[in-house]
Every structure is written in C-alpha cells, then in structure tokens.
Amino acid sequence: MFLSYFAISTYLTAALLLMRFFSKNELKHPHQQTTSLLISFAIIAQTLTFTDFWTTNGIVFGLANSASFVAWLIAILLFLSSISKPVHALGILVYPLAAISLGFGILFPDASDKIIPLSIASHVFLSITAYALLALAVCQSVLLKIQENHLHAHKINAFINKLPPLQTMEGLLFQSLRIGFYLLTLSLITGFIFIDDFLAQQLMHKTVLSIIAWMIFATLITGRKLFGWRGKQAITTTQVGFSLLVIAYYGSKFVLERLLA
C-alpha cells in the first residue's frame with residue numbers, strides 16, 4: 001500500500017513539474033533531472049506493487065491489475081521515448097493517468113480467483129503492449145488536436161511554442177500507431193491460436209470489437225501511406241479505434257467482473 005501511495009505522489013509531482021515548465025516562457029526545463037528521477041522512482045515503486053501478480057496457476061489479471069499494468073507500461077514507454085524524442089509533454093496526460101490507475105487498484109482491488117492461465121500469457125502481454133502503444137498514440141493525438149486548434153485560431157502561448165512542429169507531432173503519432181497496430185495484429189493471431197472456445201469464455205463481443213478497431217487502424221495507416229491522410233482525419237480515426245479497444249477490453253472486464261460478479 002505504501003508503494004502505491006508513493007508512486008501516486010511521485011507521478012503527480014512529476015506531472016506538475018512538467019505542467020509548470022510548459023506553462024512558462026522558459027527555454028530550458030529547470031527541474032528536468034528532478035522530473036526524470038521522480039518518474040524513475042514512480043515506475044520502480046509501481047513495479048514492486050505487482051507482488052501478487054504471478055501465481056502457480058496463472059496471472060491475477062482482473063480489471064484493477066490490468067489497468068495498473070497497462071498504465072505502468074505506458075509510463076515506461078514514454079519515459080524511454082523521451083530520452084531521444086520530443087515527447088515530454090505527453091507526461092502531462094500519461095503520468096496522472098498512471099496515478100489514477102493505482103488509486104483505482106487501492107479502492108477496487110482484484111479478487112484472487114480472477115486468474116489467466118499461463119498458456120495464454122503471450123497473447124495477454126502482446127495485447128497489453130499493443131494497448132499501451134496505441135494509448136500513447138491517442139495521447140499524442142490529443143496534443144496534436146490542441147496544437148492544431150491553437151495554431152488555426154492564432155492563439156500561441158508558452159505551451160504551444162514548446163511543442164514540436166506539426167509535421168513532427170504527426171510523425172510521432174503514426175510511429176506509435178504503426179508499432180501498436182503490428183502488435184495488435186499479433187495479439188489477435190495468438191488469440192485465435194491459443195483460445196479454443198470464444199463463446200464459452202464470453203470473448204466473442206471482445207473479439208468482434210477488437211477486429212473492428214484493427215480494421216480502423218489498418219485503414220488509417222493505409223490511407224496515410226497512399227493518400228497522405230493527416231490532421232483531423234488521423235486524430236479522429238485514432239481516437240475512435242482506441243475507444244473501441246477500451247470498450248472491448250475494459251468494458252467487458254467491468255461488466256463481467258463488477259456488474260455480473
């Protein structure tokens with residue numbers, strides 16, 4: 001419990017430092033090293049909260065555990081990406097979400113009987129990594145939309161000035177989308193290989209929604225390559241596709257584990 005509270009406080013402190021930097025007319029982040037250390041401590045602390053994650057029968061992966069694990073993975077991917085790419089502003093969205101996921105786990109802990117067999121662990125982790133990368137793409141699309149709206153309205157402030165150029169922002173968006181899409185493809189393939197009876201396991205609705213989301217992302221990536229789709233098309237399509245994945249995974253988990261338990 002202490003580790004969860006510590007991770008929550010450090011994630012939020014790091015996000016506040018980022019917000020302060022992006023809201024002021026400072027060319028260099030005066031607390032960059034402190035922010036990086038805070039995020040490192042938060043990620044390590046959250047890692048240590050997964051003590052009951054593995055069991056002899058499989059993985060305890062209910063709604064709270066999966067939300068925390070996805071948020072943890074997103075935080076790691078963002079932290080590593082920020083070393084070489086101009087994606088620091090995403091932390092304003094990502095790190096508070098990681099803190100919220102930990103808070104959710106404290107308030108609504110998973111029951112120990114919600115176990116995923118180790119035989120389908122590869123499918124689960126592929127899915128989670130895909131969700132994490134696509135979630136980063138969605139956060140990038142939110143920033144891109146804010147940036148576009150401000151530029152079109154000629155409202156330039158410190159935050160907009162510190163964001164990378166639009167072309168770079170779109171490039172970062174599609175980079176996360178492509179990798180997330182490839183992993184989502186692999187997760188769907190492994191799902192069909194390792195899961196025998198979708199109907200018996202109440203997975204049909206999740207599978208259908210995931211396939212629709214996959215088709216949306218495939219259309220977007222193809223449209224980008226062939227027709228140069230960008231701007232509002234890319235932003236809206238990314239958010240719609242990811243919304244379907246959220247409903248497919250977390251919506252079904254919520255209904256099955258919380259409402260129908």
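**Reading rings and confidence in a predicted model**

Tutor: Let's start with confidence: strand β2 (residues 115-116) has the lowest mean pLDDT of the chain's elements, 74, and helix α2 (residues 32-47) the highest, 96. pLDDT is the predictor's confidence in each residue, from 0 to 100. Helices (H or I, at least four residues) and strands (E, at least two) are DSSP runs, numbered from the N terminus. This is a predicted model, where local features need pLDDT of at least 70, side-chain atom pairs count only at pLDDT 80 or more, and totals for chains, interfaces and linings use all residues. Residues are numbered from 1 along each chain as its sequence is written, and side-chain values use heavy atoms, with hydrogens and water left out.

Student: How many aromatic pairs does the structure hold?

Tutor: A pair of aromatic rings is described by the distance of the centres and the angle of the planes. Rings of Phe, Tyr and Trp (its six-membered ring) pair if their centres lie within 6.5 Å; planes under 30 degrees apart are stacked, over 60 edge-to-face, the rest tilted. Here there are twelve pairs. Phe21 and Phe22 are edge-to-face, because their centres are 5.1 Å apart and their planes at 70°.

Student: Is Phe21 buried or exposed?

Tutor: Buried means under 20% relative accessible area, exposed over 50%, partly exposed in between (1.4 Å probe, protein chains only). Phe21 is buried at 11%, and Phe22 is buried at 6%.

Student: What lies over the face of Phe21?

Tutor: A charge sits over a ring if NZ of Lys or CZ of Arg is within 6 Å of the ring centre and within 35 degrees of the ring normal. Lys162 does this for Phe21, at 3.8 Å from the ring centre.
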